[in-house]
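Work through the exercises below with the structure in view. Each task is followed by a solution in steps.

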Amino acid sequence: MANNRVTFGSKLGVVLATVGCAVGLGSVWRFPYMLGANGGAAFLLVYILFMIFLGIPVMITEFFIGRHSRSNTVGSFKKMAPGTKWCWIGYNGILAAFLILSYYSVVSGWTLEYVWQTLSGRLYGQPDIDYTADFQDFASNVFRPIFWMGAFIGLTHFVIVSGVEKGIERASKIMMPLLFLILLIMCVRSVTLPNAEAGLLFLFKPDFSKLTSSVVLSALGQAFFSLSLGMGCLITYSSYFGKDTNMQATAWQVTIINTLVAVLAGIMIFPAVFSFGITPSAGAELVFITLPNVFGQLPLSGLWSCIFYILLAMAALTSTISLHEVATAYVLEEFHMTRKKAALIVSLGVFFLGIFSSLSFGVMKGFTVGGLAFFDALDYLTAKIMLPLGGMLTCIFVGTRVDKKVLKAELTNEGTLKFRLFGAYVFFMKYVAPIAIGIVFLNELGILKWITGK
Ligand code: TRP
């Protein structure tokens, strides 16, 4: 196998890049929004179970494929199973990356708008400002959100073509811990607000009567989305791992950090939601209408707010880079183009598609696909269908086509590491993950009900 690919310099570099790819708007924005829309604590519980019992095994499996084949998403399947249709898992992933990037950029653009609104004094300068109205005023505007989305895609594009990823990674080494720190401070402020208990109960006291098939599917989608699983992003990243990278430990670290950030985001958001009388199920805008209220309660509101949104934009950037890279690498290799040209095609395509997602918060609200606004339809299609499907097929692929000895040798770095739970891992990867995902799908489609006649 061609082994002259560059590998990450340091152990920390590997974990950082992978954490950077995983931690982003998924935990800070999408997690609270999903939890609020799905009734609270019961969602959290199912989400954590999926993170541990599906997230970690699927992630280890993607790491295996990436480092073993040392190739990209499509290439790895072609290399490991030449002449078969398995590489379609890769195509599914590339399409998912493209679609996710298009609506992810819209929300990333919102973070820039909030930096701007903070700096211009609009957010904290006037008494009695209604943050919900302020957000809706902004999001329903035709040009402003599209402008910020374009700016964010431009930023991502610049990083991809100028090869400053390394610099970004180094910067995020400082910025991610800072984001974590601000999250902690915000949590403290939030739980000391009046009526904060209501929010904490909503977040931590499960009401199992709320556990419907769509809640379970949402939790599954959120686990895949926030860990960047099911589309080969981590296959691509792990193809750069060094021979001595401990992939089991990395999978645990990424999952734990990600879950921690999500729970902190929940503790930051929900007490405030209840304290300020916001509807938990407000949808995609939840975090953006809640946070300014909390910042408003801190001394030096503008300063905290500004730093927070810049760090959040940075966290989003390390994720958009990973999504853009997957699509660009494919276009570049498949159509034999220069990197510049491939990246430009991806950026323009993403921008074009993003316009519709952005407009679905305003003039195109009434335009629905399957009963959902365009933004929500894309989110549903990718997070709740394409990613779990990709993850399920990836597990079936490795479970049926890879010799267990090869698997173990790769995951233990040729026997130099221990893998005590190897048997459990194989069981979860081969049986539990595909069957559980399959059941969640069938359940959501109502097929189980139809079969059992209940
Ligand atoms: N996981 C990232 C987040 O939580 C988003 C992301 C980056 C992603 N790459 C991905 C999601 C690949 C799914 C697949 O913000």
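On a 1 Å grid over the protein atoms alone, a cavity is a set of points where a 1.4 Å probe fits but cannot get out. A molecule sits in a cavity if more than half of its atoms lie within 2 Å of its grid points. The model is predicted: local features need pLDDT of at least 70, side-chain atom pairs count only at pLDDT 80 or more, and totals for chains, interfaces and linings use all residues. Residues are numbered from 1 along each chain as its sequence is written, and side-chain values use heavy atoms, with hydrogens and water left out.

**Exercise 1.** Find where the ligand sits and which residues come nearest.

Solution. Start with the location: the largest cavity holds the ligand. Next, take the residues near the ligand (a heavy atom within 4 Å). There are 16 around the ligand, and A22, G26, Y104, F225 and S228 come nearest.

**Exercise 2.** Describe the polar contacts (N or O pairs within 3.5 Å) of the ligand with A22, G26 and S228.

Solution. First, polar backbone atoms: one of A22 is 2.8 Å from a ligand oxygen, and one of G26 is also 2.8 Å from a ligand oxygen. Then the side chain of S228: an N or O atom there lies 2.9 Å from a ligand nitrogen. Finally, the protein covers 100% of the 360 Å² of accessible area (Shrake-Rupley, 1.4 Å probe) that the ligand has on its own.

**Exercise 3.** State which helix (a DSSP run of H or I, at least four residues) gives the most to the shell, and how the shell divides by residue class.

Solution. Helix α15 (301–334) is among those that supply at least two residues. α15 gives the most, with 3 residues. By class, the shell has 10 nonpolar, 6 polar and no charged residues (Gly counts as polar).

Methods. A polar contact is a pair of N or O atoms within 3.5 Å; within protein, one must be able to donate a hydrogen and the other to accept it, and residues adjacent in sequence count only if both atoms are side-chain atoms. On a 1 Å grid over the protein atoms alone, a cavity is a set of points where a 1.4 Å probe fits but cannot get out, and a pocket is an open set with protein on both sides within 12 Å along at least five of seven lines; lining residues have an atom within 4 Å of a point.
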